[in-house]
Amino acid sequence: MSTPYRAPLQDIRFVLEHVAPLAALRQQPGYAHADDETVVALLEEAGRFSEDAVAPTNRDGDTDPARLVDGEVVLPASFGKVYQQYVAAGWGALAHPAEFGGGAFPLVVANAVQEMLASANLSWSLCPLLTQSAVHLLARAGSDEQQKTYLPNLVSGAWTATMAMTEPHAGSDVGAVTTRARPEPDGTYRLTGQKIFITYGEHQLTDNIVHLVLARLPDAPPGTGGLSLFLVPKLLVDGDGAPHERNDVGAVSLEHKLGIHGSPTCVLALGEGGDGAVGFMVGEPNTGMRHMFTMMNHARLAIGVQGVAIAERAYQAALAYARERRQGRRPGGAPDEQSAIIAHPDVRRMLLMQKACIEAMRCVCYANAHALDLAHGCPDPTVRGEQQKIADLLTPLSKAWCTDLGVELTSLAVQVHGGMGYIEETGVAQLYRDARITPIYEGTNGIQALDLIGRKLRYDDGAFVRRFLAEMRSEIERPPDVLASVRGTVLDGLTALERCTEWMLTREASSDDVAAGASPYLRMFGTLVGAWLLARSAARAHGLGAAGTYDTEFLHAKVAAAGFFATHLVPQVHALAASVTAGAEQLTHVEAW
Ligand SMILES: Cc1cc2nc3c(=O)[nH]c(=O)nc-3n(C[C@H](O)[C@H](O)[C@H](O)COP(=O)(O)OP(=O)(O)OC[C@H]3O[C@@H](n4cnc5c(N)ncnc54)[C@H](O)[C@@H]3O)c2cc1C
């Protein structure tokens, strides 16, 4: 009875043409091949794959969860089949460098594909996601030999990768990691310790798994400055790069979770058998955290995209249900009419909340990827530097704002279904459970907010964020304005954000007052960036008129979604502003909990 997933190709294409435009990327060397025709064909194919091959496996992982049998992870059979199709089609290679067998497409295109895969099956899509983040890391920090040995297989998806940081006492506090790495005379290392919560830490989808492990050398200083990064393959490879001997690393148990049951979340033991797991250092000693941040930032944006993806799939189900389900009489309906629930204002409000927020979230994530593409691909170092700062600023917003909303919107989709939303057979209950992890992993959303106020706002002593906000203001103010009736609302909201930003910047980043306001501040910032990009989307939709690719109703809906967002979401920032600037005092009053 669950609603089949339909890839939102028109919406994705509109953002790639008008909000985070591919045309701007094509002017950079290296992206010229990403022409509209090629990208549209590619996205259509990815959409078909997501709809027809991946989406039907979503339920399998929920009803037949990953299991550990004799040290091996058993996944639903459909996961393996679809993974082979994914590799054969070359989806994993899309945005990776051509020298390692990649397609060298912009990240924003790969993110669009990732969105569809995550909508189709969040649990399954985590496996390719982490591999892509690992490729990103190794392409930058790996030695020539490591790149030659591991990258082609990771790029193609023939092997997968993990991010192995978390330990029982070292979650948000990564600096508390205690896994040990002992140097050997041959230049390798022997690792001993235990990691927890490692996604796809063990499975049989591929011949090999490459673990990227944070560990500590014997003489390392305490904290994150004493962490080094190691590549620890499940199977050691021979001189020809072929896997041949089992390394001493493997899953000792799997977690039982609220959602994403198809994704194996492993307790990973290193060196349980005695002498330690063989590892190879990536980069220099004690620089592990810096390199891991390359992987984490890539993954944080991808997790933000998961927020968009899961909300999109839940919205599609809610919309279909609201059109079908008949209850009560709509305002002004005939006395004997039993209306479809979509005719009730409160249901329309819930649906529009989902639609408008998803569009805003998609704009934020794609703009984030677009900035990263320019930061890597533009020959002008000044542009590269500015775009990197924009990407850095947007990353905590993509990750935290989009995943918090992903959970809220998925909950709204359950609500639209009424009691049937709480019943498993509609599929939305699973989406709600699956969504709940996204604000937690890859750095909790509280940690994202601290990153925003503690680091990103402070770039150039605040000059960068002031410049960014001024550019938002000037675009919103620029005529012609199809949203004239709500422009004042958005500008008032922006004024509140500017005021809160100054409040943050004039206080010590480490003060309790600033930390207490971090999460509501991030929410404000995300809401206003969403409103700004939706204003751009509406202006472009209005400018296109009826001519060309998009039909009038689609374009009209873009303007309507932006208007709804400005009217219903933006005013919330004033309440948030009060919370941002309240300081920490109220948090200290409760002594008896
Ligand atoms: C399903 C799943 C998959 C995962 N996959 C991986 C993986 O592949 N690789 C990996 O390495 N890890 C993985 N993790 C671990 C995940 O990244 C951590 O759970 C997460 O970073 C939070 O750490 P923690 O669970 O120890 O929570 P804690 O750090 O104990 O946090 C608990 C609460 O305290 C808050 N908090 C903690 N410190 C601070 C602070 N300094 N300031 C303000 N608030 C704070 C947090 O925001 C949170 O609300 C996974 C976890 C799960 C559940």
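**A first walk through this chain**

I would like to start with one residue, Glu-442, which is buried at a relative accessible area of 13%, where buried means under 20% relative accessible area, exposed means over 50%, and partly exposed is whatever falls in between, using a 1.4 Å probe and protein chains only. Before I go on, please keep in mind that this is a predicted model, in which local features need pLDDT of at least 70 and side-chain atom pairs count only at pLDDT 80 or more, while totals for chains, interfaces and linings use all residues. Residues are numbered from 1 along each chain as its sequence is written, and side-chain values rest on heavy atoms, with hydrogens and water left out.

Back to Glu-442, then, which has its place in the loop between helix H13 (428-435) and helix H14 (445-454); helices here are DSSP runs of H or I with at least four residues, strands are runs of E with at least two, and both are numbered from the N terminus. What is the phi of Glu-442? The angle is near 65°, a positive value in a residue other than glycine. As background, most residues other than glycine have a negative phi. Ala-104 also has a positive phi, near 55°, and this residue lies in the loop between helix H5 (77-89) and helix H6 (107-120). With a relative accessibility of 23%, Ala-104 counts as partly exposed.

Let me now step back to the whole chain, which contains 19 helices and 12 strands. Its radius of gyration is 24 Å, close to the 25 Å that the globule rule gives for 593 residues, so the chain is as compact as a globular protein of that length; the radius is taken over C-alpha atoms, and the rule is 2.2 Å times the number of residues to the power 0.38. The C-alpha trace spans about 80 × 60 × 55 Å along its principal axes, and 58% of the 593 residues count as buried. If we consider the contacts with a separation of 6 or more, 74% of them come from residues 24 or more positions apart, a contact being heavy atoms within 4.5 Å.

As for charge, the chain carries 48 positive and 66 negative side chains, and the centres of the two sets lie 5 Å apart. In that count Lys and Arg are positive and Asp and Glu negative, without His or the chain ends, and each charge is placed at NZ of Lys, CZ of Arg, CG of Asp or CD of Glu.

Turning to the aromatic rings, the structure holds 14 aromatic pairs. Rings of Phe, Tyr and Trp (its six-membered ring) pair if their centres lie within 6.5 Å, and planes under 30 degrees apart count as stacked, over 60 as edge-to-face and the rest as tilted. One of these pairs is Trp-401 with Phe-565, which is edge-to-face at 6.4 Å centre to centre, with 75° between the planes. Trp-401 belongs to helix H11 (residues 381-416) and Phe-565 to helix H18 (residues 552-569), so the pair ties together parts that are 164 residues apart in sequence. Both Trp-401 and Phe-565 are buried. Elsewhere, one aromatic cluster is made up of Tyr-459, Phe-464, Phe-468, Tyr-521, Phe-525 and Trp-532.

Which residues does Tyr-432 touch, leaving aside its neighbours within four places in sequence? They are Val-407, Thr-410, Ser-411 and Val-414. Tyr-432 itself lies in helix H13 and, at 36% relative accessibility, counts as partly exposed.

The start of the chain also deserves a moment, since Ser-2 lies in the segment before helix H1 (9-18) and is partly exposed, with a relative accessible area of 38%. How far apart are the C-alpha atoms of Ser-2 and Val-428? They are separated by 7.8 Å, although the two residues are 426 residues apart along the chain. Not counting residues up to four places away in sequence, Ser-2 touches Glu-425, Thr-426 and Gly-427.

My last stop is Val-252, a residue of strand S10 (residues 249-254) that counts as partly exposed at 38% relative accessibility. Beyond residues up to four places away in sequence, Val-252 touches Leu-68, Gln-194, Val-267, Ala-269 and Glu-272, and its C-alpha atom is 6.1 Å from that of Leu-268, 16 residues apart along the chain.
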